[in-house]
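This report describes selected side-chain interactions in the structure shown below. Salt bridges are treated before the surroundings of one polar residue.

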Amino acid sequence: MSLCKSFGKDKVIFATAEDHATPSTVELPEPEASPGLILENGDINWNCPCLGGMATGPCGVEFREAFSCFHYSEAQPKGSDCYDAFKTMQDCMANYPGVYKQNLQDEEDGGMDLGAVLDEDEEDPDKQTLKQDDEASANVSSTAGGHSSSGAGSSTAVAQKS
């Protein structure tokens, strides 16, 4: 038989082997399906984690106005009547570069941080080798151009490559 003791706000239950011998009769309710971005009635679920906090950040009002405009837009192409709302949101995001730095870089670079890509190329030795091979090929082409392709011309190109 189990023993229960209360210690202030806490309740401690000591269970015996007999308590564990019988299966539990507790029935759990069926889990509710999470609604996603668009609710069943067609409204926007501003609490959806897929929005990544955009609806509640420093430009949350501007984001909700722009996103609502796009969602309910009937213009063709969809959202073409929302330019002003998105421009207002973009201007707001520019005022908070610490919060929206990644979003602003993506817009400025067309979806990629080109500076990071170029930095990676300089650090990658395989890509450096490819660059050197391309330069050597260009030197071979310019050396061979205007001269007969003798052994001396190709040995010069090999010396430049290594």
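## Salt bridges and a buried asparagine

Two salt bridges are counted in this predicted model. In general, side chains of opposite charge can pair when their charged atoms come close. The pairs are set out in the table.

| Acidic residue | Basic residue | Closest N and O atoms |
|---|---|---|
| Aspartate 10 | Lysine 9 | 3.2 Å |
| Aspartate 91 | Lysine 87 | 3.3 Å |

The partners of the pair formed by aspartate 10 and lysine 9 fall into separate exposure classes: aspartate 10 is partly exposed at 41% relative accessible area, whereas lysine 9 counts as exposed because its relative accessibility of 78% is over 50%.

Aspartate 91 and lysine 87 both belong to helix H3 (residues 83-94), where four residues, about one turn of the helix, set them apart. Aspartate 91 is partly exposed, with a relative accessible area of 38%, and lysine 87 is likewise partly exposed, with a value of 34%.

Attention now turns to a loop residue. Asparagine 45 is located between helix H1 (17-21) and helix H2 (60-72). Its relative accessible area is 11%, which is under 20%, so asparagine 45 is classed as buried.

Two polar approaches involve the side chain of asparagine 45. It reaches the backbone oxygen of glycine 36 at 2.9 Å, and a polar atom of this side chain lies 3.1 Å from the backbone nitrogen of asparagine 47. Leaving aside residues up to four places away in sequence, asparagine 45 touches Pro35, Gly36, Leu37, Leu39 and Leu51. Glycine 36 thus appears both among these contacts and as the residue whose backbone oxygen the side chain reaches.

Methods: Residues numbered from 1 in each chain as written. Predicted model: local features only at pLDDT ≥ 70, side-chain atom pairs only at ≥ 80, totals over all residues. Heavy atoms only, no water. Helix = DSSP H or I, 4+ residues; strand = E, 2+ residues; numbered from the N terminus. Buried < 20%, exposed > 50% of the residue type's maximum accessible area, 1.4 Å probe, protein only. Polar contact = N/O pair within 3.5 Å; in protein donor to acceptor, adjacent residues only side chain to side chain. Contact = heavy atoms within 4.5 Å. Salt bridge = Lys/Arg side-chain N within 4 Å of Asp/Glu carboxyl O.
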